[in-house]
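Subject: Structure handover

Dear colleague,

Please find the structure below. My notes on the contents come after it.

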Protein chains: 2
Amino acid sequence: MEQTEPSDARHHRRTGNEIKAALRDLRIQLALLNHQVGGKLALKDVDLDCLDVLARSGPLTPSALARQAGLHPATLTGILDRLEKAGWIARDRARADRRSVTIRVLPDRGMEVFRLYQPMIGAMDDVLAEYNEAELALIADFLRRSTEAGERANGELAQE
Amino acid sequence: MEQTEPSDARHHRRTGNEIKAALRDLRIQLALLNHQVGGKLALKDVDLDCLDVLARSGPLTPSALARQAGLHPATLTGILDRLEKAGWIARDRARADRRSVTIRVLPDRGMEVFRLYQPMIGAMDDVLAEYNEAELALIADFLRRSTEAGERANGELAQE
DNA sequence: TCATATAGTACGGGAATCATAATATATGGA
DNA sequence: TCCATATATTATGATTCCCGTACTATATGA
């Protein structure tokens, strides 16, 4: 057993741990942000999460959304009822398979959401202004890889 | 009004938008990860969030935690009851002010949590291995600044 | 000493989640 | 074609959760 390791490897590991801790803090902060935004829109956290997934991953069926969000299908019925009643989404019955429903985000209330996220968007623009193009590309790539790491980890946990 | 802008500014803005989108995706992925981990520990999402804050920000009183987590004080009583019954935390009555209570995370079940996060930790280690020390430092700094941006945005929203 | 403020919690109403069952539609073989 | 089985979603009911209000205990300051 080595009692020491090269100094650069030690630094690498330590900075890596700092990054993982920073990611934890960032997650908490973003969760809190969503909680506040959701509160002002009279939406549960999970409702806003679903809306977010729908807005990013395009129209989805309830089953697909339930899988992506880790929720019971019956739970989604309740969530979708709320979102539909408040005018956030529409349920379209598919032509091909008339059992299936497609959830579509309505554009109407998009501006409300944007306005509430504006403080964060502005703060991020301030942060991003300090980096040059190469650095931004590095960061963007890191974030994408981290998301993929999250997907892999979720896949492994879903197994057991 | 300019109809065009310098090419590098355009790139900068576009990469910036990619970063903000990537941050959204990452947040969703991390939320899902926590949801799965929480499920395996029989903890609600919000319970795990509180535990996470407590583990990071050290012992806290219920009021301080409620503020940090954006929850009603009475809601926290229920959360703390669950966490206490399951052996995650202890409530200590303070000596100075005997009204106040300090919540402390018990170390006993820490290994369980670590094991469940292991897939993500491992996946992140793989990602981090591809960067040199200077790049890691850049990323760590960006994450800290983004967290601060989130704190500022939360502060602004809390105003209204 | 006493009025007021603060920390935490008990209680109750209304809502959310999820397991189960029900409905409607699709698919494939006899 | 007819029917058994599978699939997508939703209705129902039991349990649990969240939060507004009120209560207890303690602290603070006039």
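What follows covers the conventions, the contacts between the chains, one buried residue, and the two DNA strands.

This is a predicted model, in which local features need pLDDT of at least 70 and side-chain atom pairs count only at pLDDT 80 or more, while totals for chains, interfaces and linings use all residues. Residues are numbered from 1 along each chain as its sequence is written, chains are lettered from A and ligands numbered from 1 in the order in which they are written, and side-chain values use heavy atoms, with hydrogens and water left out.

Chain A and chain B

In the interface, 70 residues of chain B are in contact with 70 residues of chain A (contact means heavy atoms within 4.5 Å). About 6,800 Å² is buried between the two chains, and carbon and sulfur atoms give 64% of that area. Buried area here is the accessible area (1.4 Å probe) that two parts lose on being put together, summed over both.

The rule finds 14 salt bridges across this interface (a side-chain nitrogen of Lys or Arg within 4 Å of a carboxyl oxygen of Asp or Glu). One of them joins A:Arg144 and B:Glu18, at 3.6 Å from N to O. On the side of chain B that touches chain A, helices H1 (7-40), H2 (45-57), H3, H5 (110-128) and H6 (133-159) of chain B each supply at least two residues. Helices (H or I, at least four residues) and strands (E, at least two) are DSSP runs, numbered from the N terminus. H1(B) gives the largest share of that side, 25 residues. By class, the side divides into 35 nonpolar, 14 polar and 21 charged residues. Ala, Val, Leu, Ile, Met, Phe, Trp, Tyr, Cys and Pro count as nonpolar, Asp, Glu, Lys and Arg as charged, and the others, Gly among them, as polar.

A:Arg27

A:Arg27 sits in helix H1 (residues 7-40) of chain A. A:Arg27 counts as buried because its relative accessibility is 8% (buried means under 20% relative accessible area, exposed over 50%, partly exposed in between; 1.4 Å probe, protein chains only). Not counting residues up to four places away in sequence, A:Arg27 touches B:Leu30, B:Asn34, B:Asp49 and B:Asp52. With the side chain of B:Asp49, the side chain of A:Arg27 makes a polar contact at 2.9 Å. A polar contact is a pair of N or O atoms within 3.5 Å; within protein, one must be able to donate a hydrogen and the other to accept it, and residues adjacent in sequence count only if both atoms are side-chain atoms.

DNA strand C

There are 20 residues around DNA strand C, and A:His72, A:Thr75, B:Ser63, B:Arg91 and B:Arg99 come nearest (a residue is near a strand or molecule if one of its heavy atoms lies within 4 Å of it). Sugar and phosphate account for 68% of the atoms of strand C that come within 4 Å of the protein. A side-chain N or O atom of A:His72 is 2.9 Å from a phosphate oxygen of strand C, and a polar side-chain atom of A:Thr75 lies 2.4 Å from a phosphate oxygen. B:Val101 places a backbone N or O atom 3.0 Å from a phosphate oxygen of strand C.

DNA strand D

Of the atoms of DNA strand D within 4 Å of the protein, 71% belong to sugar or phosphate and the rest to bases. Backbone N or O atoms of B:Ala96 and B:Arg98 lie 3.2 Å and 3.1 Å from a phosphate oxygen of strand D. The side chain of B:Arg99 has an N or O atom 3.5 Å from a base oxygen of strand D.

Regards
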